[in-house]
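Let us walk through this fold one step at a time. Keep the picture open while you read.

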Amino acid sequence: MIEKEIYRFKNISEFFHINHFVSTRNGGSSSFPYYSLNIGLDQSDCVGNVLTNRSKIAATLETSIDSFVFARQTQSRNVYKVTDADKGRGALSRATAIDNTDGMITNVPGICLVTLAADCVPILFFDPVKIAIGVAHAGWKGTVIETPEAVVSAMVTEYGSDPSTIFVAIGPSAGPCCFEVGDDVISEVKKTFRESPQVLIPIEKVGKMKFDLWEANRITLEKCGIKSQNIELACLCTICRNDLFFSARRGDLGRFGAGIMIKSLD
């Protein structure tokens with residue numbers, strides 16, 4: 001469901017322990033060519049504009065920008081356990097972001113884990129039993145190396161989570177309607193998803209197929225014990241809905257974000 005400039009998932013909105021968001025591209029301060037709610041510091045957008053945009057999103061969560069934690073995403077399986085000492089990393093400067101990380105987990109209230117995207121898949125995790133959260137960033141590489149599984153495994157190891165109780169929200173990304181890939185990607189997808197050929201969709205282009213990132217990540221999550229009824233897909237294609245979300249394949253320079261936080265106990 002889209003509330004003004006913010007998209008929210010139904011499944012995790014039912015829990016009072018947490019707050020979450022998926023930002024859109026609308027309602028921000030960035031000017032051409034970053035229209036408009038760009039929250040990525042990796043590009044050359046004015047830092048002041050990005051921080052204003054991040055602060056606006058923080059306000060919708062009734063928190064401050066220094067509660068955010070960002071990572072330098074590299075399409076890896078690296079998962080970082082965020083502690084209270086990490087609060088604010090990457091929020092005001094890219095230099096302080098957690099390096100070489102595509103998954104983050106925490107059980108610390110008042111910290112908002114944020115993953116950035118512009119066609120890659122942002123994924124949110126919540127364990128209502130252990131009160132722990134996580135995020136994952138999965139482009140085609142992260143999907144093939146099963147980064148979401150690494151996040152679930154880290155939650156099991158660090159917090160004693162039972163995968164069957166974890167709720168997962170798969171955010172807007174390049175959809176199966178639009179995400180064309182070539183032979184190099186196709187061969188890698190077939191290695192990981194050899195038993196799930198439906199994730200590759202034939203099209204009338206030599207050496208090309210469409211890759212269903214949503215289905216592939218859903219399969220990965222179910223394989224590691226997440227219940228199908230606990231997974232919600234936004235089913236919003238960033239390439240189709242370029243009016244709502246940034247899309248690298250459409251040439252956008254901006255980034256939207258997905259974040260989740262445990263509400264402060266104060």
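Two strands count as paired if DSSP finds at least two bridges between them. With that in hand, look at β9, where Ala138 is the bridge partner of Val121. The model is a predicted one. β8 and β9 pair in the antiparallel sense, over 7 bridges. They form a hairpin with 4 residues between them. In that turn, Ile131 has a positive phi of about 50°.

Now move to the other partner of β9. β6 and β9 also pair in the antiparallel sense, here over 4 bridges. Thr106 stands opposite Ile133 of β9. Next, follow β8 (residues 121-127) to β10 (residues 167-170): 4 bridges join them, and they run antiparallel. Phe126 has Phe167 in β10 as its bridge partner.

Put the strands together. They belong to an open sheet of 6 strands, in the order β5-β6-β9-β8-β10-β14, with mixed pairing. Which strands stand at the edges? They are β5 (79-81) and β14 (231-233). Each has a single partner strand, so one side of each is left without a neighbour in the sheet. On average, neighbouring strands of this sheet are turned by 15° against each other, direction ignored.

Go back to β9 and ask about cover. In a regular strand the side chains alternate between the two faces of the sheet. Are the two faces of β9 covered or uncovered? Both are covered. Ala132, Gly134, Ala136 and Ala138 are buried on one side, and Ile133, Val135 and His137 are buried on the other. That is 7 of its 7 residues.

Helices pack here too. Helix α4 (residues 147-159) lies across β5, β6, β8 and β9, running at about 160° to β9. Helix α6 (residues 213-223) packs on the sheet as well, touching β8, β9, β10 and β14. The direction of α6 makes about 165° with that of β10.

Look closer at α4. This helix has 13 residues and reaches 18 Å from its first C-alpha to its last, close to the 18 Å expected at 1.5 Å a residue. An α-helix has 3.6 residues a turn, so residues three or four places apart point the same way. Among the buried residues of α4 are Thr147, Val151, Ala154 and Met155. What covers them includes β5, β6, β8, β9, α3 (140-144) and α6. Just after α4, Gly160 takes a positive phi of about 70°.

Methods
Residues are numbered from 1 along each chain as its sequence is written. This is a predicted model: local features need pLDDT of at least 70, side-chain atom pairs count only at pLDDT 80 or more; totals for chains, interfaces and linings use all residues. Side-chain values use heavy atoms; hydrogens and water are left out. Axes are lines fitted to C-alpha atoms, for helices over the stretch in contact, and angles run from 0 to 180 degrees between N-to-C directions. Contact means heavy atoms within 4.5 Å. The expected span of a helix is 1.5 Å times one less than its number of residues. Buried means under 20% relative accessible area, exposed over 50%, partly exposed in between (1.4 Å probe, protein chains only).
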